[in-house]
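Me: I would like to go through this model and ask what stands behind each label. Could you take me through the reasoning?

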Amino acid sequence: MTHKWIGLVFTLGMMYGNAYADEASVKKIFLSKFPGANVQSVTKAPMKGMYEVYAEGQLLYTNESVSHLLIGNLIDVANKQNLTDQRMQKLMAVPFDTLPLNSAIISVKGNGKRKLAVFSDPDCPYCKKLEEGLRDITNVTVYTFLYPVEGLHAGSTDKAKAIWCAPDRLKAWEDWMLLGALPKTSGSCDTPIPSIVSLGQKLGITGTPTLIFADGRRVPGAIPPAQIEKILNATQAK
C-alpha cells in the first residue's frame with residue numbers, strides 16, 4: 001500500500017459537508033484529508049450522491065463529505081457493464097497523434113492501415129511473447145518504442161541502444177526478440193531512449209509491454225493476437 005487511504009471501504013470520520021456540494025468542494029475536502037495527493041479529476045459518479053475521484057492513477061468513489069471511500073468496480077447491473085473499467089480506459093487514454101512516432105522502430109505489415117504503438121523492453125519475456133503473436137497480424141503499422149525498465153532488467157538499456165544504432169533497426173529488433181541475436185553495434189549513436197523513458201514515466205507506464213491503439217486505448221500485457229485483432233478492427237471501424 002502506497003497511500004494510507006487505499007482500502008476496500010473505511011471511515012474517515014464525521015464531517016458532513018454542504019448538501020449542495022460540487023466537484024470543486026469535494027476535491028477541496030479530499031485534499032484537506034489527504035494533503036499532497038495527486039488528484040487529477042473529480043466528477044459526479046453514476047450513483048446518486050457519490051463522486052468519482054481519479055487520484056494517483058486510481059479510481060475512487062466517495063460521498064460529498066468525503067467521510068467514506070470505496071475502491072472497487074462499479075457495475076451497471078441492468079446493462080451488465082463495468083463502469084469503472086470503461087472510465088479508466090477513457091482516463092488513461094493516450095492521444096495517438098501525440099506520440100513521437102519518428103522515435104519508434106516502425107514495422108509496416110500488409111497495407112499498414114491499422115495503427116498500433118507498443119512500449120517494449122528488450123529483456124522483457126512478455127514483450128518477446130507479444131512479438132511472436134504480432135507475426136500473425138497483418139495490415140497494420142506497429143510503432144515500437146524502446147522502453148527499457150532498468151530496475152527490472154539490468155542491462156536492457158544497453159541492448160536497446162545497440163538495437164537502435166544498428167543499420168537496420170527493425171531487423172535488429174526482430175532478430176533479438178525472436179531469435180536472441182543481438183546486433184554487433186556499439187550503441188554509441190544518439191538515441192531517443194531517454195526521452196521515450198521520460199514519456200513513458202509521464203504517461204504512467206509501469207510495465208511492459210504496453211499497447212496503445214489508434215483510438216488512444218491503452219492495454220497492458222502480452223494480450224493474445226485474437227484480442228489485438230479485435231481491438232484493431234474496432235478502432236478502424238470508429
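Me: What makes Glu52 count as buried or exposed?

Reply: This is a predicted model, and in it Glu52 has a relative accessibility of 3%. Buried means under 20%, so Glu52 is buried.

Me: And why is Arg87 called partly exposed?

Reply: Its relative accessible area is 27%. Partly exposed is the range between under 20% and over 50%, so Arg87 belongs there.

Me: How do you know that Glu52 and Arg87 form a salt bridge?

Reply: Look at the N to O distance between their side chains, which is 2.6 Å. A salt bridge asks for a Lys or Arg nitrogen within 4 Å of a carboxyl oxygen of Asp or Glu, so this pair qualifies. Glu52 sits in strand E3 (residues 50-55) and Arg87 in helix H2 (residues 83-91), so the bridge ties together parts that are 35 residues apart in sequence.

Me: How many salt bridges are there by this rule?

Reply: The count comes to 5 salt bridges. One of them joins Glu229 and Arg114, with the closest N and O atoms 2.8 Å apart. That pair links distant parts of the chain, as Glu229 is in helix H7 (residues 225-237) and Arg114 is in strand E9 (residues 114-120), 115 residues apart.

Me: What makes Glu229 partly exposed?

Reply: Glu229 has a relative accessible area of 23%. Since the buried class is under 20% and the exposed class over 50%, Glu229 is partly exposed. Its partner Arg114 has 8%, so Arg114 is buried.

Me: Why do Lys171 and Asp175 count as a salt bridge?

Reply: Their closest N and O atoms are 2.7 Å apart. The cut-off is within 4 Å, so the pair counts. Lys171 and Asp175 both lie in helix H5, 4 residues apart, about one turn of the helix. As for Lys171, its relative accessibility of 46% is not over 50% and not under 20%, so Lys171 is partly exposed.

Me: How do you know that Cys165 and Cys189 form a disulfide?

Reply: Their sulfur atoms are 1.9 Å apart. A disulfide needs the two sulfurs within 2.5 Å, so the pair passes. By this rule the count comes to 1 disulfide. The pair links distant parts of the chain: Cys165 is in the loop between helix H4 (156-164) and helix H5 (169-179), and Cys189 is in the loop between H5 and helix H6 (193-202), 24 residues apart.

Me: Which hand does the link of Cys165 and Cys189 have?

Reply: The link is left-handed, with -95° about the S-S bond.

Me: Why is Cys189 called partly exposed?

Reply: Cys189 has a relative accessible area of 32%, and partly exposed is what remains between under 20% and over 50%, so the label fits Cys189. Two other cysteines fall under the buried limit: Cys124 is at 2%, and Cys127 is at 0%.

Me: What makes the buried residues of helix H3 line one face?

Reply: The buried residues of H3 (residues 125-134) are Cys127, Leu130, Glu131, Gly133 and Leu134. Seen down the helix axis, they fall within an arc of 160°, so they line one face of H3. The face turned away from this buried side carries the exposed residues Pro125 and Lys129.

Me: Why is H4 called oblique to H5?

Reply: Their axes come within 8 Å and cross at roughly 140°. Roughly antiparallel starts over 145 degrees and roughly perpendicular ends at 115, so H4 is oblique to H5. Where the two helices meet, Lys159, Ile163 and Trp164 in H4 are in contact with Arg169, Ala172, Trp173 and Trp176 in H5.

Me: What makes Ile29 buried?

Reply: Ile29 lies in helix H1 (residues 23-33). Its relative accessibility is 13%, and buried means under 20%, so Ile29 is buried. Measuring C-alpha to C-alpha, Ile29 and Gly133 are 48 Å apart in space and 104 residues apart in sequence.

Me: What about the chain as a whole, and how many helices and strands are there?

Reply: The chain has 7 helices and 12 strands. Of its 238 residues, 43% count as buried.

Conventions: Residues are numbered from 1 along each chain as its sequence is written. This is a predicted model: local features need pLDDT of at least 70, side-chain atom pairs count only at pLDDT 80 or more; totals for chains, interfaces and linings use all residues. Side-chain values use heavy atoms; hydrogens and water are left out. Buried means under 20% relative accessible area, exposed over 50%, partly exposed in between (1.4 Å probe, protein chains only). The arc is that of the directions from the helix axis to the C-beta atoms. Axes are lines fitted to C-alpha atoms, for helices over the stretch in contact, and angles run from 0 to 180 degrees between N-to-C directions. Angles under 35 degrees count as roughly parallel, over 145 as roughly antiparallel, 65 to 115 as roughly perpendicular and the rest as oblique. Contact means heavy atoms within 4.5 Å.
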